[in-house]
Every structure is written in structure tokens, then in C-alpha cells.
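This briefing concerns a ligand site and a pair of packed helices. Please look through the structure shown here before reading the notes that follow.

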Amino acid sequence: MNFSELLRMRRAVRDFLDDDVPISVIREIIKDSCLAPSAANMQPWQFVVVTGRDRLKRLSDESKANLLEDLEKNPNSLLRNYEAILRNPSYNVFYNAPCLVYIGGSPMVRSLNLDCALAACYFMFSAVARGLGTCWVALGSKIRNPGLLKMLKIPDDYQFVAPIILGYPRVIPPVPDRAGPRILSIIE
Ligand SMILES: Cc1cc2nc3c(=O)[nH]c(=O)nc-3n(C[C@H](O)[C@H](O)[C@H](O)COP(=O)(O)O)c2cc1C
């Protein structure tokens, strides 16, 4: 696969084969992610790897419940657009993927969101190069239950940035419509 093919093959994958992803492969992908640039080369990203569909289902249920709780407190939130799926008990935000990797870190790092988003990009491309599919699932990051946080070994000051599911794709969707490039100016 050349670089241009890699860019086209990196799609949001939401349908996975039953096969598990070997931990050694996940480690290689995480190593590649750490080649991403970061502000002042701080490399603030920290990774939490979760495997097992039952565990992912529990995390999906927890995140959905917390998002709905947040929506009740703030009824004008944009979360309203997702209310129907969040209330659907059979909707798994992680699409029954075999593996989930949270990328995040300390909120004390000002560039945490940018740095982790770059690591997430590298993560997704490295996964595609290895025949895997990924999807960034923002709806899967509202984990507050102390027992679950303990199970994940997440420190108190951890901020979730990028929850990325990983697995062997059953289907790789075509590139969804893209608007043409909005180049405001080319000054020659
Ligand atoms: C920050 C971010 C959050 C996203 N959250 C979700 C999500 O919660 N659930 C989901 O199914 N897809 C989610 N996606 C995937 C996007 O829907 C997807 O990237 C977009 O439709 C474009 O498709 P493509 O990735 O195949 O180009 C998210 C993507 C990004 C970058």
C-alpha cells in the first residue's frame, strides 16, 4: 500500500470480524503512534488498552448513561442530536469491536488535546498499514464509575482525548463525501 492508498483506506470502520487483535500488534501500533509530533516534544500521551467485547460493552453502557445524565443537566447541549441512539439499549458505541485504546493524559499539559489527536492519527494509519480498521468514538469517553476507572488503571488526573476502536474490518466503507479544499488564498 502506498501512502495515497493508505490515506484512502483509513476509514471509520464500524463492522469487525470476530478475530482478536494480538497484543504484540497493538504494542507496535502504539509504538508508531509515539512517532507523532507534540508541542515541545512533551509526548504527553498515555494509552489504555482494553480487550474483550464484554468489557467494551460495559464501558459503552457506562459512557452512554453518563452522556444522558449530562444531557439532563444541560438540555441545550449538542448531545441532544445523539439522544435517540444513546437511549437505544442495543446501540453499542464501540460497535462490538474486539479492542479499544484510549489515548489521553494529564490535563495539566496545555497541548494535550492536540498532541493526543496527532498520536491518534498516527495510530489509525499504523493500524491500516497492518490490515486493521479503526474508528475514533467520542461517545465512548465518559467513564466516571470509580470501579471501572480502577479496572482500567486510570490515574485520577487522566483526561480522555481519543477513544479508538480497533479490529479486523469486515467491510471498509468507501470514502464519504468530502467538500473540496477551501484554500482561502495562494499568494505567489
Ligand atoms: C473527533 C471525532 C469523534 C468521532 N466520534 C465518533 C463517534 O462517537 N461515533 C462514531 O461512530 N464515529 C465517530 N467518529 C468518526 C467520524 O464519524 C468519521 O471519521 C467521519 O464520518 C468521516 O468518515 P471517515 O473517517 O471514514 O473519513 C468520530 C471522528 C472524530 C474525528
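A polar contact is a pair of N or O atoms within 3.5 Å. With that cut-off in mind, the side chain of arginine 14 makes such a contact, because one of its N or O atoms is 2.8 Å from an oxygen atom of the ligand. The model is a predicted one, and the points below are grouped by topic.

**Polar contacts and cover of the ligand**
- Arginine 10 has a polar side-chain atom that lies 2.7 Å from an oxygen atom of the ligand, and for tyrosine 95 the distance from a side-chain N or O atom to a ligand oxygen atom is 2.5 Å.
- On its own the ligand has 620 Å² of accessible area, of which the protein covers 64%.

**Residues around the ligand**
- The surrounding residues include Arg10, Arg11, Ala12 and Arg14, together with Tyr95, the residues Cys135, Trp136, Val137, Ala138 and Leu139, and also Pro176 and Arg178.
- Sorted by class, this shell consists of eight nonpolar and four charged residues, with no polar residues in it.

**Packing of H2 and H5**
- Helix H2, which spans residues 23–33, packs with helix H5, residues 112–129, at an angle of about 135°, and their axes are 8 Å apart.
- Because of that angle, H2 counts as oblique to H5.
- The crossing that H2 and H5 form is right-handed.

Note on methods: Residues are numbered from 1 along each chain as its sequence is written. This is a predicted model: local features need pLDDT of at least 70, side-chain atom pairs count only at pLDDT 80 or more; totals for chains, interfaces and linings use all residues. Side-chain values use heavy atoms; hydrogens and water are left out. A residue is near a molecule or strand if one of its heavy atoms lies within 4 Å of it. A polar contact is a pair of N or O atoms within 3.5 Å; within protein, one must be able to donate a hydrogen and the other to accept it, and residues adjacent in sequence count only if both atoms are side-chain atoms. Accessible areas come from the Shrake-Rupley method with a 1.4 Å probe; for residues, only the protein chains shown count as cover. Ala, Val, Leu, Ile, Met, Phe, Trp, Tyr, Cys and Pro count as nonpolar, Asp, Glu, Lys and Arg as charged, and the others, Gly among them, as polar. Axes are lines fitted to C-alpha atoms, for helices over the stretch in contact, and angles run from 0 to 180 degrees between N-to-C directions. Helices (H or I, at least four residues) and strands (E, at least two) are DSSP runs, numbered from the N terminus. Angles under 35 degrees count as roughly parallel, over 145 as roughly antiparallel, 65 to 115 as roughly perpendicular and the rest as oblique. A crossing is left-handed if the near helix is turned anticlockwise from the far one by less than a right angle, and right-handed if clockwise.
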